[in-house]
Amino acid sequence: MAAADLAEGTLQNVLEQDSLKWVFVGGKGGVGKTTCSSILSILLSRVRSSVLIISTDPAHNLSDAFQQKFTKTPTLVNGFTNLYAMEVDPTVEHEDMGTDGMDNLFSELANAIPGIDEAMSFAEMLKLVQTMDYSVIVFDTAPTGHTLRLLQFPSTLEKGLAKVMSLKNKFGGLMSQMTRLFGVDDEFGEDAILGKLEGMKDVIEQVNRQFKDPDLTTFVCVCIPEFLSLYETERLVQELTKFEIDTHNIIINQVLYDEEGSESKLLKARMRMQQKYLDQFYMLYDDFNITKLPLLPEEVTGVEALKAFSRHFLTPYQPSTSKSTVETLEQRVSTLRQQLKDAEAQLEKLRKGKQKV
Ligand SMILES: Nc1ncnc2c1ncn2[C@@H]1O[C@H](COP(=O)(O)OP(=O)(O)OP(=O)(O)O)[C@@H](O)[C@H]1O
Ligand SMILES: [Mg+2]
């Protein structure tokens, strides 16, 4: 069946699934993750009591999308009463880690388990937002590789904890310095540290369980109709399946439509290329909701632009050519006639000029 014959999908399903608590939005660099996660959070704020959108991309751009400055604490988005945004840096700050001994121990830990520092701060952040009681939390994630690392964080942390235990046996004395890492006063001693580690383990296990529960968590893949993006989406979907994280929505952004009956060869060639990959997306992901979004002539920044673009999340995009009326076609024919007449006149002029030479 040709792609055009398939029913067009929307993101209505995400808005209707009221049990969802965590919505991840991810994909390759520059495909529209921030735009799509911002719009999803705006739409969710209409049907939920409170929504938090978090950017875990070190190159934060929620501020660009909403044209408002955000920090690592949730801030109300201008013009909303229940939509909050925050930008967190998943790379841990080492400055307040304390003594040299601590640094050594920490770097030994960090070397032993790649990504542990990032996983630690991600876990801390999740622990924090869990206590804040938002109805749903949307993640604007960093490009694919980075996101997959973050989603692996429960197992990274578990490995980390095992390593800490073995380090404890190896360097018993240094353990008292570990206290600072977990924010416990020295006087609390080793038992308190172990208690804290156990507590952390509980948070991890709880979050891990939530992320693997399709009633609570879903991952929305954003891509563009090009080879690299198709390839990366497949990798992402496979990894998510491996981590048992639900994914059943793909947004194909920046789709070209020829709405002005353009004669541009470049546009036509790009559209043919896109169609090839669109067909492949529909073939590969026939059990997904696929939502196509048009490439606009301008950027999608600011709440108004995001709101205007959000209608394509709710109803499938209809290029204006497919609803062409007799008048618009007549208009097009008359423009083409005029263009033909102009070209003929110009050719005639050139020919006359040539004869003179
Ligand atoms: N359909 C579209 N039409 C026109 N411009 C778009 C469209 N989608 C996104 N943009 C613009 O493209 C740029 C990149 O989009 P966005 O920031 O959402 O991508 P991203 O995937 O978050 O990028 P990064 O990987 O850098 O975080 C932005 O300037 C955005 O306004
Ligand atoms: Mg972004």
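Colleague: Where in the chain is G30 found?

Modeller: This is a predicted model, and in it G30 lies in the loop between strand 1 (22-26) and helix 2.

Colleague: How do I read its surroundings: is G30 buried or exposed?

Modeller: Count the other C-beta atoms within 10 Å; 12 or fewer means exposed, and 20 or more means buried. G30 has 12 such atoms around it, so it is exposed.

Colleague: Which residues does UniProt list for "binding site"?

Modeller: The unreviewed UniProt entry gives K28, G29, G30, V31, G32, K33, T34, T35, E226 and N253.

Colleague: Take E226 from that list. What is its place, and why is it called partly exposed?

Modeller: E226 sits in the loop that runs between strand 6 (217-223) and helix 10 (227-242). Between the two cut-offs a residue counts as partly exposed. E226 is partly exposed because 17 other C-beta atoms are within 10 Å.

Colleague: Now the ligand. Which residues come nearest to ligand 1?

Modeller: There are 18 residues around ligand 1, and K33, T34, T35, L296 and E299 come nearest. K33, T34 and T35 are also among the "binding site" positions in the unreviewed UniProt entry.

Colleague: Which element supplies the largest share of that shell?

Modeller: Helix 2, with 3 residues. Helix 2 and strand 7 (249-255) each supply at least two residues of the shell.

Colleague: How do the residues of the shell divide by type?

Modeller: The shell around ligand 1 has 6 nonpolar, 9 polar and 3 charged residues.

Colleague: Where does UniProt place the "active site", and is that residue buried or exposed?

Modeller: The unreviewed entry places this feature at D57, in the loop between strand 2 (51-55) and helix 3 (62-66). D57 has 23 other C-beta atoms within 10 Å, so it is buried. Not counting residues up to four places away in sequence, D57 touches D140, T141 and A142.

Colleague: Last, the nonpolar core. Which members of the largest one touch the most others?

Modeller: That core has 60 residues, and V23, V25, L40, V138 and V220 touch the most other members. Helix 2 (residues 33-47) gives the largest share of this core, 6 residues.

Colleague: What is V220 in contact with, leaving aside its neighbours within four places in sequence?

Modeller: Apart from those neighbours, the contacts of V220 are V14, V23, F24, V25, N249 and I251. Two of these names, V23 and V25, also appear with V220 among the residues that touch the most other core members.

Definitions and conventions: Residues are numbered from 1 along each chain as its sequence is written. Chains are lettered from A and ligands numbered from 1 in the order in which they are written. This is a predicted model: local features need pLDDT of at least 70, side-chain atom pairs count only at pLDDT 80 or more; totals for chains, interfaces and linings use all residues. A nonpolar core is a set of buried Ala, Val, Leu, Ile, Met, Phe, Trp, Tyr and Cys residues joined through C-beta atoms within 7 Å. Helices (H or I, at least four residues) and strands (E, at least two) are DSSP runs, numbered from the N terminus. Two residues are in contact if their C-beta atoms, placed from the backbone, lie within 7 Å. UniProt positions are given in the numbering used here, feature names are shortened, and annotations may be inferred rather than shown by experiment. A residue is near a molecule or strand if its C-beta atom, placed from the backbone, lies within 6 Å of it. Ala, Val, Leu, Ile, Met, Phe, Trp, Tyr, Cys and Pro count as nonpolar, Asp, Glu, Lys and Arg as charged, and the others, Gly among them, as polar.
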